[in-house]
Amino acid sequence: MSESNSPGESQRGAPKFFVGCEDDESEVLEGSLKTDMELFEDDEDTDSPPEQQIVVGICCMMKKSKSKPMTQILERLCKFEYITVVIFPEDVILNEPVDKWPLCDCLISFHSKGFPLDKAVSYAKLRNPLLINDLNMQYYIQDRREVYRILQEEGIELPRYAVLNRDPDKPDECNLVEGEDHVEVNGEIFQKPFVEKPVCAEDHNVYIYYPTSAGGGSQRLFRKIGSRSSVYSPESSVRKTGSYIYEEFMPTDGTDVKVYTVGPDYAHAEARKSPALDGKVERDSEGKEVRYPVMLSAMEKLMARKVCLAFKQTVCGFDLLRANGRSYVCDVNGFSFVKNSMKYYDDCAKILGNIVMRELAPHFQIPWSIPTEAEDIPIVPTTSGTMMELRCVIAVIRHGDRTPKQKMKMEVRNPMFFELFEKYEGYKTGKLKLKKPKQLQEVLDITRLLLAELEQQNDCEIEEKKSKLEQLKTVLEMYGHFSGINRKVQLTYLPHGQPKTSSEEEDNRKEGPSLLLVLKWGGELTPAGRVQAEELGRAFRCMYPGGQGDYAGFPGCGLLRLHSTYRHDLKIYASDEGRVQMTAAAFAKGLLALEGELTPILVQMVKSANMNGLLDSDSDSLSSCQHRVKARLHEILQRDRVFLEEDYDRLAPTSSVSLVSSMKIVQNPVATCDQVYTLIQSLTSQIRKRMEDPKSADLQLYHSESLELMLQRWSKLEKDFRMKTGRYDISKIPDIYDCVKYDVIHNASLGLQDTEELFRLSRALADIVIPQEYGINKAEKLDIAYAYCLPLVRKIQLDLQRTHVDEFVNKLHPLYSRGVLSPGRHVRTRLYFTSESHVHSLLSIFRYGGLLDEEKDQQWKRAMDYLSAVSELNYMTQIVIMLYEDNNKDISSEERFHVELHFSPGVKNVEEEENAPTGFGFRPASAENGQKKSDLASLEDLSRDETDRAVPVSEPITIQRRSPLIRNHKTGSMEVLSETSASKGGSYRLFSFCPRQSPEMKQSGLGSQCAGLFSTTVLGGSSSAPNLQDYARVHRKKFSSGSLSYKDGAWGYQAI
């Protein structure tokens, strides 16, 4: 084939699409398809295709061949060196005899309205090309009766149905008896609601008939017209002409699941609002139907495989109904592409290209070897150098950056509060948590009533109560609407009233029962927190074996293919706090390269129902051990003197490096508290002056906070920190640090004086108080840790054990058995998102629970030294457990399994961590063999490259994005992308760099974006997957100054 150049093909190396005409002539389809230069770097220097070419013919109606999904996939398919795509012109398909159609070696052809399927079948007989989708089976797909017959023969579950054939030649198939609330079809009875479908699959006029008890009538579905997909009709009688399938109505949760296969081993699933629900099509801001990404169950994945093989359609779409805990196929659509998913376009083109090359390359003597496909099980080298299969990944992760948490307590005795307590069954447990909008509205109504009563009296005795009620009203009225994600009210029954806190209050104390009302607000995940979670999710893909073949250039592809090809058993759990749930959703979005808003991802993918204390903890009901610990902590920190040797022994019996370091900074705890209090007074004074300044009247701080709200939170801390006795409330130190850290990161543009000093001092105090609240000595730490996370530890143990048991049942051949009859699971991933308390507790169990003896184990000692030097478990702190299996070892051998424990203290802090030990986790293979100079992960190389990693804070940066996995992510949505200079010391790293990765990794902007966001270390081993920091350091692109400027300091953390 020859080609003629056209203006639309001026770019060198653009993929060539040929519109076939005669055998001896062709023309380029001008401007119909464009190259996605962001996704691929084309190395071709010639304007014509290589000599040896496999021609893939696209034979379908022009509306389909020119559609966006087809265009995107064909662009990618052309990147195969030996593949040329020829699109058959519609005019030729409709008007020319098949012997005049273009020649091709592989045919992608499918029926749609107006397409001459008979001619396509004739062409296939004449030329005998490789068929991607069988053509004869497409006749069956056009008839719903045949579709249901094939599904039934294959043992695929479908709704109970009967066929009504209005055919004069088959009178025995046309028996219909209609009752008021049922129909009887050929002896089969269907109670309303039931579904009536035309037997012709091209007829989309499907009716659903409702029972009289629900108002009767019918919902009439049709192919989408604008924003409608169905209308309600009062007509209750079934249609009297035409042939139909009658089937049982399946009560779904209002969503349909669309499944798209590309071969039997790959499926992509999306949920959309059921057209039967209200007939209104949900569309996004760009006018596209809203679809939610969903995970398929093991049995659904098997169904996808069966559908693909039964109908002989490599590219095939079908509909699933999820009802009564089971899944049913209700329609098979044949050739169908996912819309608007870059990941799917990449996957589809790669799989189709590999199918074509695998089948045809040998016939053409093309030098093409089958790449190591993503379908292979994840066998990777471990730290000891042996090849083992990754079986299980378990991560416990703290939530992302949030607004400061705030809390107010008050004792209430009004009968209205007791009525509310009884209404929601608070007496059963003595506690009640109110989060729903209706419940919060009831609390607000009571508060308004009480304040109205107080307005009419002038009793000074209730002034304090009045101020508390006013604060309760103000907080509940914030935002103009209710959401359990940012506010909640807890009520606790006190049979004898609140215990006295001072002799002064003893006189005013009333007898009888009361309720302790605790109002909590704030603590919402910030935009920066969402970005942190999403980026960590994207980086977390690198925990898994990398993509193979051409995909080696894009880190994390291995996980995405693993997930899409059914070998990834993923479950995500989160506590009931809004910030934790949204962190989990954002992480899932990054991990699985999902698109769209977080809410549907949260609903579909994150489990956060009551999990019996698995990830939740009631911080207001402390254990007796915690009470004792807090009392002792308060007593030590209330002494107005420089810390003595005995204080170090009492406060830091574990000799934690970070704790001792903080005590040296503090020296005299009371004097430091005095300084902190003075600095808070100075801060509130500065804010008041700003508020008086007319220029600051409409000043909007980070996350829509106003100066007034900022003043409120600091004034409350100023009031609560110093008690009436003149002593300090040590429990407020974490809140002070929380607030000042938030303002230093997000509101630095205000230029408030002495915030850095307040940050430094409050951090030193917080670094003593926070970790020691979870126990001062080892016994206390374990006691409190068990109370917090024993259910979680048991669940993790179960996750590790179940992996082994599951695979005994469904063990696949190491090279992946293509004839699998049951859906096997290869990698089990369990992600647990929670708050700081669970992470502290879990680390205590690992450190002090006798897991290993650091006196005898050099590796463990190095890891414990690192943990000792970590002063803060910041946002996105991760504890990751990875389990590997060596199938060549005996099942009873200790060498059969290999467990690695990884840790990262989360996002980097505002100040440098100078006390962190240098070097990285102990690696036996490296220790024995010595580090090679060429090793990209060497410490020398890392320290030499520090200067290259630093980006001047003043210089705006533009992130170059080349990976197809992240190209849809808008850089403009990030509030901050600044990276400050890295620390001089070495770094503990989560993983060693993997030299097997292709140089094409440079194409991804992932490292550029995330480098240095997270501090990392390894406890007891390292995996072969590339670390994000390594990846960024080795493959960082040169930033060019440009459009993205700094808005605040959300990412302004120092590197470790």
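Here a student and a tutor talk through salt bridges, buried residues and nonpolar cores in this predicted model.

Student: Let's begin with charged side chains. How many salt bridges does the structure hold?
Tutor: Good place to start! To count as a salt bridge, a side-chain nitrogen of Lys or Arg must lie within 4 Å of a carboxyl oxygen of Asp or Glu. By that rule, the number of salt bridges in the structure is 46.

Student: Glu-146 forms one with Arg-149. Which helix holds the two, and how far apart are their closest N and O atoms?
Tutor: Both residues belong to helix α6, which covers residues 144-153. They are three residues apart there, so about one helical turn separates them. Their closest N and O atoms are at a distance of 2.7 Å.

Student: Are buried, partly exposed or exposed the right words for Glu-146 and Arg-149?
Tutor: Let's use the cut-offs: buried is under 20% relative accessible area and exposed is over 50%, with partly exposed in between. Glu-146 has 23% relative accessibility, and Arg-149 has 31%. Because these values fall between the cut-offs, Glu-146 is partly exposed and Arg-149 is also partly exposed.

Student: Lys-473 has a salt bridge too. Which residue is its partner?
Tutor: Look in helix α11, residues 463-477, where the partner sits four residues from Lys-473, about one helical turn. Lys-473 is partly exposed at 27%. The N to O distance in this salt bridge is 3.4 Å, and the partner is Glu-477.

Student: Now for Asp-576 and Lys-433. How many residues apart in sequence are the parts that this pair ties together?
Tutor: Their side chains meet in a salt bridge, 3.5 Å from N to O. Asp-576 lies in the loop between β27 and α15, while Lys-433 lies in strand β24, so the pair ties together parts whose separation in sequence is 143 residues.

Student: Where does Ile-83 lie, and is it buried or exposed?
Tutor: Ile-83 is found in strand β4, residues 83-87. Beyond its neighbours within four places in sequence, Ile-83 is in contact with residues including Ile-54, Leu-77 and Val-356. Its relative accessibility is 4%, and because buried means under 20%, Ile-83 counts as buried.

Student: How far apart are the C-alpha atoms of Ile-83 and Ile-54?
Tutor: Along the chain, these two are 29 residues apart. They are also in contact. The separation of their C-alpha atoms is 4.9 Å.

Student: Which helix gives the largest share of the largest nonpolar core?
Tutor: In soluble globular proteins, nonpolar side chains tend to be buried together. The largest nonpolar core here has 81 residues, and those with the most contacts inside it are Trp-714, Phe-721, Leu-758 and Tyr-832. The largest share, nine residues, comes from helix α23.

Student: How many residues are in the other core that lies apart from it?
Tutor: Among the members of that other core are Leu-570, Ile-572, Ala-574 and Met-876. Its number of residues is 41.

Student: One last puzzle: which residue's backbone oxygen does the side chain of Arg-398 reach?
Tutor: Arg-398 lies in strand β22, residues 387-398, and is buried, with a relative accessible area of 4%. Leaving out residues up to four places away in sequence, Arg-398 touches Thr-583, Glu-836 and Leu-873, among others. At 2.8 Å, its side chain reaches the backbone oxygen of Leu-873.

How values were computed. Residues are numbered from 1 along each chain as its sequence is written. This is a predicted model: local features need pLDDT of at least 70, side-chain atom pairs count only at pLDDT 80 or more; totals for chains, interfaces and linings use all residues. Side-chain values use heavy atoms; hydrogens and water are left out. Buried means under 20% relative accessible area, exposed over 50%, partly exposed in between (1.4 Å probe, protein chains only). Contact means heavy atoms within 4.5 Å. A nonpolar core is a set of buried Ala, Val, Leu, Ile, Met, Phe, Trp, Tyr and Cys residues joined through side-chain atoms within 4.5 Å. A polar contact is a pair of N or O atoms within 3.5 Å; within protein, one must be able to donate a hydrogen and the other to accept it, and residues adjacent in sequence count only if both atoms are side-chain atoms.
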